[in-house]
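Colleague: I would like to learn how to read cysteines and helix contacts in a model. Can you take me through both topics?

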Amino acid sequence: ENHYHSFLYQLTIVTDGVGEIYTNNKPVTVKKGDIYLSCPYDIHRIETDKKNLLKYDFILFIPKDKTLIEKLNNIMLSSTTAESRLIKDERINYLVSSVIRELSSFDEELSPLVVNGIFWQVVIYLIRDFEKKGNIKDSNISEREVLCFQIMDYINNELYNITNLSDISNVFQYSYNHLSSIFKKTTSITIIEYYNMLRLDIAKTLIEEGNLNLMQIAEKLNYATPYSLSKAFKNRFKVSPREHKKSVKQ
C-alpha cells in the first residue's frame, strides 16, 4: 500500500512477473530484471499483475558517507518521474541475491563484513548507472530544497495532529505565505495540495483495512465532516469511499 520512508532510499529488484511501481501516484510498469529506486519523501506503492504475479527483492538504506549523500541527493532531485527511476543492471541483481544468500547462512564474525562490502558496491553501481543516463544535477541540494523536505517530513509525521496548516509557520519560523511560495516553486504543488494528497492516501488505506468507519476516519484525519472526506475522496479517486470499500472486498 501507499507508504513513505522519511530518510530511506529503497531499491526494488524485480525477479519475476509483471507489475507497476507508483511514485506519488504516478505508475511505471516493471518486469523481470528491472530495478527501481525510491527516494526519501516519495509516496510509494507496488501493485502486481494478477495473472503474472510480481516477485521482487528490496533493500532499504540510509547513506552516511558525504560523497554518497551528495550524489544520491542529485539523483533524487533530477529523477522526479516514475520512468526516470528505472534502471537495469545485472551486477546489482546478482549482488542483492548474494546478500540474501549470505544472510541465510549468517557467520557472526565475517558476514557483516561481507554484507557491508556488497552494499557499498550496490550503491556505487547504482550511482554510476544514473549518472550514465545523464540529466543529473552537479550542484549540492539547496537550502530551499532542504526546507521543502523538512516541511514534507513534518506533515508526514504530524498528519493526525495538524488542525491548521498555517501553524507550520511557528515550527519553521517563517510566515506561512513565504513557506507556501518556496514550496510551490520547488515542488510544483502547494503545501495544502501535498497535505490533502497525503490525507486521502491515508484515508484510502484505512478504508481498505476496514477497522474504522468513515466518521472515525474523518475525525482521525481532521476532516470537518464525513461528507467532506467523501467528497474529496470521490474527486481524487473517482469512486466514493463506500464504492471503494465494496470493490476491495470483492
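Modeller: Start with the cut-off. A disulfide is a pair of cysteine sulfur atoms within 2.5 Å. Keep in mind that this is a predicted model.

Colleague: How many disulfides does a search of the whole structure find?

Modeller: The search finds zero.

Colleague: Why is there no bond at C39?

Modeller: Look at the distance. The closest cysteine sulfur to that of C39 is in C148, 16 Å away, so it is too far for a bond. Now start from C148. Its closest cysteine sulfur is the one in C39, at 16 Å, and that is again too far for a bond.

Colleague: Are C39 and C148 buried or exposed?

Modeller: Buried means under 20% relative accessible area. C39 has 2%, so C39 is buried. C148 has 1% relative accessibility, so C148 counts as buried too.

Colleague: Now the helices. At what angle do the axes of α7 and α10 cross?

Modeller: Helix α7 covers residues 191-209, and helix α10 covers residues 241-249. Their axes cross at roughly 50° and come within 9 Å. That angle makes α7 oblique to α10. The crossing of α7 past α10 is right-handed.

Colleague: Which residues make the contact?

Modeller: From α7, they are K204, I207 and E208. From α10, they are P241, H244, K245 and V248.

Colleague: How do the residues of this contact divide into nonpolar, polar and charged?

Modeller: Three are nonpolar, one is polar and three are charged.

Methods: Residues numbered from 1 in each chain as written. Predicted model: local features only at pLDDT ≥ 70, side-chain atom pairs only at ≥ 80, totals over all residues. Heavy atoms only, no water. Axes fitted to C-alpha atoms, helices over the stretch in contact; angles between N-to-C directions. Helix = DSSP H or I, 4+ residues; strand = E, 2+ residues; numbered from the N terminus. Parallel < 35°, antiparallel > 145°, perpendicular 65-115°, else oblique. Left-handed = near helix turned anticlockwise from the far one by under 90°. Contact = heavy atoms within 4.5 Å. Nonpolar A, V, L, I, M, F, W, Y, C, P; charged D, E, K, R; others polar. Buried < 20%, exposed > 50% of the residue type's maximum accessible area, 1.4 Å probe, protein only.
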